[in-house]
Amino acid sequence: MTDNGLRDGRVLRALCVDDEPTTLSLVSRLLQRMELEVTTADSPKAALELFEPERFDLIITDIRMPGMDGHAFLASIRVRDPQIPVIIATGHASLDNAIRALRDGASGMLIKPFTVDEFTAEVTNALERARIRHEAIQYRFVTPILEGVTLALTAAIEARDLETGQHCIELGTFGERVARLLGLSEQDRTTIRIGGYLHDVGKIAIADRILLKPGPLTAEEYAEMQRHAEIGGAIVQTHEAMTEIARIVRHHHERFDGRGYPDRLVGLDIPLGARIIAVADAFSAMTTSRVYRAAIPVEAAWAELHEHAGSQFDPGIVELFEKVVDIDDLVAREVVAAGRPAEARTLAGDAS
């Protein structure tokens with residue numbers, strides 16, 4: 001039994017093309033055993049009538065068929081959809097056929113008669129490419145919407161607490177810089193940036209008497225404040241494309257030693273994006289004045305991060321974080337907060 005669905009739960013769909021009924025039946029049964037939804041066609045012409053971009057996640061086709069061969073069929077498919085994985089299954093293997101199939105855009109090749117293991121391995125590889133393709137397409141179309149919703153929600157946070165809104169933007173910037181150092185994909189960098197923007201969105205549901213309290217919180221008030229992570233994750237989890245963002249929001253207060261909240265995750269079980277945002281969140285919070293305490297000096301904040309690396313924070317992320325923070329900018333901000341704007345302008349000039 002395999003899990004051949006996408007993250008949104010949709011079953012993957014295959015189109016099988018072969019003029020031999022026995023082969024078509026065999027391939028269909030094998031795909032159904034892999035939990036795919038199968039559509040069959042006994043000729044390329046019939047298959048083209050069934051094909052629509054985004055309808056199928058995988059195509060398996062023979063080469064030698066009457067009317068239109070597999071090469072011409074593959075070329076026609078590539079005009080309609082340049083990315084869909086296509087596996088050529090043929091009993092007429094030759095170097096020329098293989099080279100031509102690859103040139104026409106085939107994703108893989110099966111030589112008849114093939115074993116079940118060979119078939120399963122080739123299809124599994126193609127399905128992984130289909131999954132990545134589907135998620136990339138979703139993200140490409142959904143990301144602009146996410147950005148808009150994110151800015152709106154961040155503005156809502158800022159309307160209640162100006163410091164928190166500015167803090168959210170800073171976290172998104174810091175988080176994306178760390179993600180870039182890690183060599184993460186553009187999609188993952190965007191996910192972490194938006195997760196930073198939205199990490200505190202759950203505070204919308206926290207009462208002002210707690211959120212804006214100038215003094216220490218009672219045990220009950222602190223327990224209520226902790227709920228913002230869980231609430232925020234639930235708010236963000238409104239579309240499958242936001243699943244990874246929601247995980248960052250929910251888990252950005254987990255601790256590396258397992259003593260965090262809400263789920264007491266340990267070490268690398270904490271999502272990478274959440275581990276990154278946790279470090280950025282702590283540093284930004286320490287170096288920014290809040291209603292309940294003044295900002296601490298940058299060097300003291302660095303010392304805190306290092307002291308708690310390995311317990312509260314992922315030590316590898318702490319090490320990377322030092323490489324993405326503009327020290328001159330933070331020092332200038334400290335000077336402004338201390339009421340020495342002229343000195344800040346001098347520092348800014350030196351930094352440029």
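Here is a friendly conversation about a predicted model, covering its sheet, its helices and a few of its residues.

Student: In what order do the five strands of the open sheet stand?

Tutor: Let's start with the pairs. Strand β1 (residues 13-17) pairs with β2 over five bridges and with β3 over four bridges. On its other side, β3 is joined by three bridges to strand β4 (residues 86-90). With β5 added, the open sheet has the order β2-β1-β3-β4-β5.

Student: Which strands stand at the edges of the sheet?

Tutor: In this sheet the pairing is parallel, and the order is β2-β1-β3-β4-β5. An edge strand has a single partner strand, so one side of it is left without a neighbour in the sheet. The strands placed like this are β2 (37-41) and β5.

Student: Which residue is the bridge partner of I59 in β4?

Tutor: I59 belongs to strand β3 (residues 58-61), where I59 and T61 point one way while L58 and I60 point the other, all of them buried. I60 is the bridge partner of C16. For I59, the bridge partner in β4 is V86.

Student: Through which helix does the chain cross from β3 to β4, and is the crossover right-handed or left-handed?

Tutor: Three bridges join β3 and β4, which run parallel. Between these two strands the chain passes through helix α3 (residues 70-80). This β-α-β crossover through α3 is right-handed.

Student: What angle does the direction of helix α1 make with that of β2?

Tutor: First, β2 pairs with β1 in the parallel sense, and A41 in β2 is the bridge partner of V17. Helix α1 (residues 21-33) packs on the sheet, where it touches β1, β2 and β3. The direction of α1 and that of β2 make an angle of about 165°.

Student: Is K112 buried or exposed?

Tutor: You will find K112 in the loop between β5 (108-111) and α5 (116-160). Beyond its neighbours within four places in sequence, K112 is in contact with D18, T23, D62, A89, T90 and G91. Its relative accessibility is 19%, and the cut-off for buried is under 20%. K112 therefore counts as buried.

Student: How many residues apart in sequence are the parts that the pair D62 and K112 ties together?

Tutor: The side chains of D62 and K112 meet in a salt bridge of 3.6 Å, N to O. D62 lies in the loop between β3 and α3, whereas K112 lies in the loop between β5 and α5. The pair therefore ties together parts whose separation in sequence is 50 residues.

Student: Which residues are joined with K112 into one network of salt bridges?

Tutor: One salt bridge joins the side chains of K112 and D18 at 2.9 Å, N to O. Another joins D62 and K112. Salt bridges that share partners make one network, and the residues joined with K112 are D18 and D62.

Student: Is D257, the salt-bridge partner of R255, buried or partly exposed?

Tutor: In the salt bridge between R255 and D257, the closest N and O atoms are 2.9 Å apart. R255 is buried, with a relative accessible area of 18%. D257 has 29% relative accessibility, so D257 counts as partly exposed.

Student: How far apart in space are G273 and R189, C-alpha to C-alpha?

Tutor: G273 sits in helix α11 (residues 272-286), and at 9% relative accessibility it counts as buried. In sequence, G273 and R189 are 84 residues apart. In space, their C-alpha to C-alpha distance is 8.9 Å.

Methods:
Residues are numbered from 1 along each chain as its sequence is written. This is a predicted model: local features need pLDDT of at least 70, side-chain atom pairs count only at pLDDT 80 or more; totals for chains, interfaces and linings use all residues. Side-chain values use heavy atoms; hydrogens and water are left out. Buried means under 20% relative accessible area, exposed over 50%, partly exposed in between (1.4 Å probe, protein chains only). Contact means heavy atoms within 4.5 Å. Two strands pair if DSSP finds at least two bridges between them. A crossover is right-handed if, with the strands pointing away from the viewer, the path from the first strand over the helix to the second runs clockwise. Axes are lines fitted to C-alpha atoms, for helices over the stretch in contact, and angles run from 0 to 180 degrees between N-to-C directions. A salt bridge is a side-chain nitrogen of Lys or Arg within 4 Å of a carboxyl oxygen of Asp or Glu.
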